[in-house]
Amino acid sequence: MEIEEDEERRRQRKLEEALEVKSLRRIISAYLNYPEAAEEDVRRYEKSFKKLPPAHKALLPHYPSKFQNLRRCISLNSYFIFTMLQAFEPPLDMSQDVDGCKDPHLENFEHGHCHSEERNASSCQSASTSGRMCCSNHAEACPQEKSNIMSNPTTEEVKSEQQHEPIFGSGAGEVENNNEIAECCSNDVADSNGNAFSSPHDWLDPSLQLNVPLVDVDKVRCIIRNIVRDWAAEGEKERNQCYKPILEELDAQFPNRSKESPPACLVPGAGLGRLALEISCLGFISQGNEFSYYMMICSSFILNHTETTGQWTIYPWIHSNCNSLSDNDQLRPVSIPDIHPASAGITEGFSMCGGDFVEVYNDSSQIGVWDAVVTCFFIDTAHNIIEYIEIISRILKEGGVWINFGPLLYHFADMYGQEDDMSIELSLEDVKKIAFHYGFELEKEQTIETTYTTNPRSMMQNHYHAAFWTMRKKRTTTT
């Protein structure tokens with residue numbers, strides 16, 4: 001009987017790992033498909049332009065040049081993406097034949113247990129990273145590694161703007177020779193100009209790439225905009241709206257921090273890692289938790305592989321022709337990062353932990369571990385927000401503080417079609433009542449107006465009236 005049970009566990013483990021590899025392959029394929037998807041957009045623009053009557057075309061003589069400039073921007077974004085993928089070390093054997101797996105349980109397991117294409121290992125890596133995606137739906141303490149700020153996630157057990165110049169001509173940040181892109185990589189993935197990128201990584205072999213839906217590539221475009229929010233001078237306004245109040249409140253709540261025994265702060269939904277890093281620089285043992293591999297691949301690259309400020313140039317606003325004041329605004333370059341992470345002054349113990357918040361922190365080893373929990377644009381990513389609040393209360397020490405910032409744009413509110421889908425969408429009033437039930441007392445509360453990954457030069461600006469509060473977990477009274 002024990003032998004049969006061991007065999008069943010091994011089979012289950014194999015199925016889970018196969019699903020993990022399949023999911024990660026799909027995410028990597030989304031990144032690799034970015035150039036062609038972006039080029040398809042440009043071809044669509046050109047097709048529409050060609051349909052214009054000659055008299056109308058004559059009014060837009062600069063448009064053919066604009067299309068070519070768009071292609072150069074796509075090439076530069078692709079250069080950054082492929083360099084980033086080169087640095088990524090997958091936590092699993094990406095060459096295994098998951099598609100050839102004939103186990104009849106695999107399909108049922110995938111549909112029964114995979115609710116996201118962003119499943120990833122619930123394992124921690126020292127000073128390692130990065131939940132939330134952008135777009136309309138916002139996206140155990142680890143040992144310290146000395147080699148880099150954040151390491152790529154590994155898997156032991158799988159559980160479910162500084163520059164504003166136009167780029168026309170030889171504008172800033174433009175690659176003069178597209179061979180530079182090809183040289184940095186070494187598999188024939190082509191950019192929008194047909195240049196071949198290649199890579200020494202077997203898992204980047206074209207035979208392992210998947211055809212992914214455009215919605216997956218849209219997530220890559222969202223990541224590019226998230227980079228501006230977290231790691232560009234152009235994103236400073238948003239960071240000041242969202243991160244600065246949190247950092248000031250943490251500083252006020254822990255005025256006498258000890259360097260020998262710093263307070264510990266958890267940042268669920270850490271995204272690309274800037275907030276978690278800033279908290280570390282304040283003198284906290286800071287751990288970010290991130291569920292999305294889209295985010296984790298990018299945050300690991302920026303945190304670990306940046307050599308200087310402004311090392312990379314991206315073009316985050318090229319993917320929409322709507323609400324642009326000018327072509328120069330749409331095509332402007334953005335330099336990243338605005339700081340050198342390794343020189344920022346982090347506190348020893350800074351880490352990133354990959355995995356689902358509930359899976360990782362709903363564990364007895366996490367009870368009463370954290371002095372503070374910071375949630376920024378996070379709590380509305382829950383299927384069950386009550387469960388999030390319950391876990392936050394459980395993992396905080398008595399007297400610990402929960403600082404929250406964000407709206408209630410529930411991530412799964414528009415998910416339909418599956419019987420096991422769940423989305424508990426509470427009002428702010430009910431959220432606070434639930435928090436009080438789990439032992440929190442409200443100390444401070446205000447509403448702050450902010451944006452999220454918004455193009456500051458766009459004619460359309462979506463604003464949130466975000467809830468910002470500090471709650472404290474009650475201490476147990478003894479008689």
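Analyst: A disulfide is a pair of cysteine sulfur atoms within 2.5 Å of each other. In this predicted model, a search of the whole structure finds 0 disulfides.

User: How do you know that the number of disulfides is 0?

Analyst: The criterion is a sulfur pair within 2.5 Å, and the search of the whole structure gives 0 disulfides. The conclusion is therefore that no pair of cysteine sulfur atoms lies within 2.5 Å.

User: Why is C298 called buried?

Analyst: Buried means a relative accessible area under 20%. C298 has 0% relative accessibility, so C298 counts as buried.

User: What makes C281 partly exposed?

Analyst: The label covers the range between the buried cut-off of 20% and the exposed cut-off of 50%. C281 has a relative accessible area of 27%, so C281 is partly exposed. In the chain overall, 53% of the 479 residues are buried.

User: Why is E449 called partly exposed, and where does it lie?

Analyst: The relative accessibility of E449 is 42%, which is in between 20% and 50%, so E449 counts as partly exposed. E449 lies in strand 11, residues 440-450.

User: What makes Q241, H463, Y464 and H465 contacts of E449?

Analyst: Contact means heavy atoms within 4.5 Å. E449 touches these four residues when residues up to four places away in sequence are not counted. For H463, the C-alpha to C-alpha distance from E449 is 6.5 Å, with their positions 14 residues apart in sequence. The 4.5 Å cut-off applies to heavy atoms, so the 6.5 Å C-alpha value does not conflict with the contact.

User: Why is T453 called buried, and what is its phi?

Analyst: T453 has 10% relative accessibility, under the 20% cut-off, so T453 counts as buried. Its phi is about 50°, a positive value although T453 is not a glycine. Most residues other than glycine have a negative phi. T453 is found in the loop between strand 11 and strand 12 (464-473).

User: What makes N323 partly exposed, and where is it placed?

Analyst: N323 has 32% relative accessibility, in between the cut-offs of 20% and 50%, so N323 counts as partly exposed. N323 is placed in the loop between strand 6 (312-314) and helix 11 (327-330). The phi of N323 is also positive, near 60°.

User: What is the omega of the peptide bond from I336 to P337?

Analyst: Omega is near -15°, and the bond is cis. Most peptide bonds are trans. P337 is in the loop between strand 7 (334-336) and strand 8 (351-354).

User: Why is the largest cavity called a cavity, and what lines it?

Analyst: A cavity is a set of grid points where a 1.4 Å probe fits but cannot get out, so the name states that the space is closed to that probe. The space amounts to about 140 Å³. There are 16 lining residues, with Y243, G269, A270, G271 and Y452 nearest the centre. The lining divides into 10 nonpolar, 3 polar and 3 charged residues. Helix 7 gives the largest share, 3 residues.

User: What makes the second largest pocket a pocket, and what lines it?

Analyst: A pocket is an open set of points with protein on both sides within 12 Å along at least five of seven lines. The second largest one holds about 730 Å³. Its lining has 24 residues, of which R225, S320, T453, N455 and M460 lie nearest the centre. The division is 8 nonpolar, 13 polar and 3 charged. Helix 7 gives the most to this lining, with 4 residues.

Note on methods: Residues numbered from 1 in each chain as written. Predicted model: local features only at pLDDT ≥ 70, side-chain atom pairs only at ≥ 80, totals over all residues. Heavy atoms only, no water. Buried < 20%, exposed > 50% of the residue type's maximum accessible area, 1.4 Å probe, protein only. 1 Å grid on protein atoms, 1.4 Å probe; cavity = no way out; pocket = protein on both sides within 12 Å on 5 of 7 lines; lining within 4 Å. Points joined across faces, edges and corners; volume = space filled by probe spheres on them. Helix = DSSP H or I, 4+ residues; strand = E, 2+ residues; numbered from the N terminus. Nonpolar A, V, L, I, M, F, W, Y, C, P; charged D, E, K, R; others polar.
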